[in-house]
Amino acid sequence: MLAIDDDHAPLYTVGQVASMLGVQQAFLRRLDEHGVLSPSRTEGRQRRYSRLEIQRLQYVHDLVEQGMTLAAVRKILELEDRVRELEDALKRMPKTRKRASVPPLDERFIP
DNA sequence: CTTCTAACA
DNA sequence: TGTTAGTA
């Protein structure tokens with residue numbers, strides 16, 4: 001009954017995606033090389049992008065235009081994914097009315 | 001005709 | 001980063 005997610009379906013080639021977004025194929029391939037966004041591959045090793053990946057591509061394109069390096073973009077996407085994880089982990093956490101204790105400044109950053 | 005990798009400017 | 005040669 002779960003209308004299978006056609007948003008995750010790997011359907012589009014680099015060429016299609018590149019012209020859809022008005023970017024160059026080389027750019028998309030570089031994102032793949034740098035681990036920013038790696039689409040799934042066919043058995044013949046050809047890239048196939050899903051609609052979700054294309055959306056993320058739009059976002060990545062913006063960040064790069066704003067001057068972000070690919071390494072920076074990769075880190076940003078990692079952190080944003082991490083934030084989502086924590087957000088819905090929080091959402092599922094049993095409601096407690098306790099006052100959250102704030103960790104000391106020094107300990108709060110750097111994994 | 002399209003994509004792929006690798007290499008060069 | 002964009003382009004291109006040589007393939008598959």
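This passage describes the fold of protein chain A in a predicted model and the way in which that chain meets DNA strands B and C.

The secondary structure of chain A consists of five helices and two strands, and these elements follow one another along the sequence in the pattern α-α-β-β-α-α-α. Of the 111 residues in the chain, 22% count as buried, and the accessible surface comes to about 8,900 Å², with 54% of that area belonging to carbon and sulfur atoms. When contacts between residues at least 6 apart in sequence are considered, 53% of them join residues that are at least 24 apart. An unreviewed UniProt entry lists residues 11-79 under "domain: HTH merR-type"; over this stretch the chain is 61% helix and 6% strand, and the C-alpha atoms at the two ends are 27 Å apart.

DNA strand B is surrounded by nine residues, namely Thr13, Val14, Gly15, Gln25, Arg29, Arg30, Arg41, Gln46 and Arg47. By residue class, this surface divides into one nonpolar, four polar and four charged residues. Helix H1 (14-21) and helix H2 (25-33) each supply at least two residues to the surface, and H2 gives the most, with three residues. On the DNA side, 83% of the strand B atoms within 4 Å of the protein belong to sugar or phosphate, while the rest belong to bases. Several polar contacts to phosphate oxygens of strand B can be described individually: a polar side-chain atom of Thr13 lies 2.6 Å from one such oxygen, whereas Gly15 takes part through a polar backbone atom at 3.3 Å from a phosphate oxygen. In the case of Gln25, an N or O atom of the side chain is 3.3 Å from a phosphate oxygen of the strand.

Around DNA strand C, the residues are Gln24, Ala26, Arg30 and Val64. Sugar and phosphate account for 47% of the strand C atoms that come within 4 Å of the protein. The protein surface near this strand divides into two nonpolar residues, one polar and one charged. A polar side-chain atom of Gln24 lies 2.4 Å from a phosphate oxygen of strand C, and an N or O atom in the side chain of Arg30 is 2.7 Å from a base oxygen of strand C. Arg30 is listed among the residues around strand B and also among those around strand C.

Definitions and conventions:
Residues numbered from 1 in each chain as written. Chains lettered and ligands numbered in written order. Predicted model: local features only at pLDDT ≥ 70, side-chain atom pairs only at ≥ 80, totals over all residues. Heavy atoms only, no water. Near = heavy atom within 4 Å. Polar contact = N/O pair within 3.5 Å; in protein donor to acceptor, adjacent residues only side chain to side chain. Helix = DSSP H or I, 4+ residues; strand = E, 2+ residues; numbered from the N terminus. Nonpolar A, V, L, I, M, F, W, Y, C, P; charged D, E, K, R; others polar. Buried < 20%, exposed > 50% of the residue type's maximum accessible area, 1.4 Å probe, protein only. Contact = heavy atoms within 4.5 Å. Areas by Shrake-Rupley, 256 points an atom, 1.4 Å probe, with all protein chains shown as cover. UniProt positions renumbered as here; feature names shortened; annotations may be inferred.
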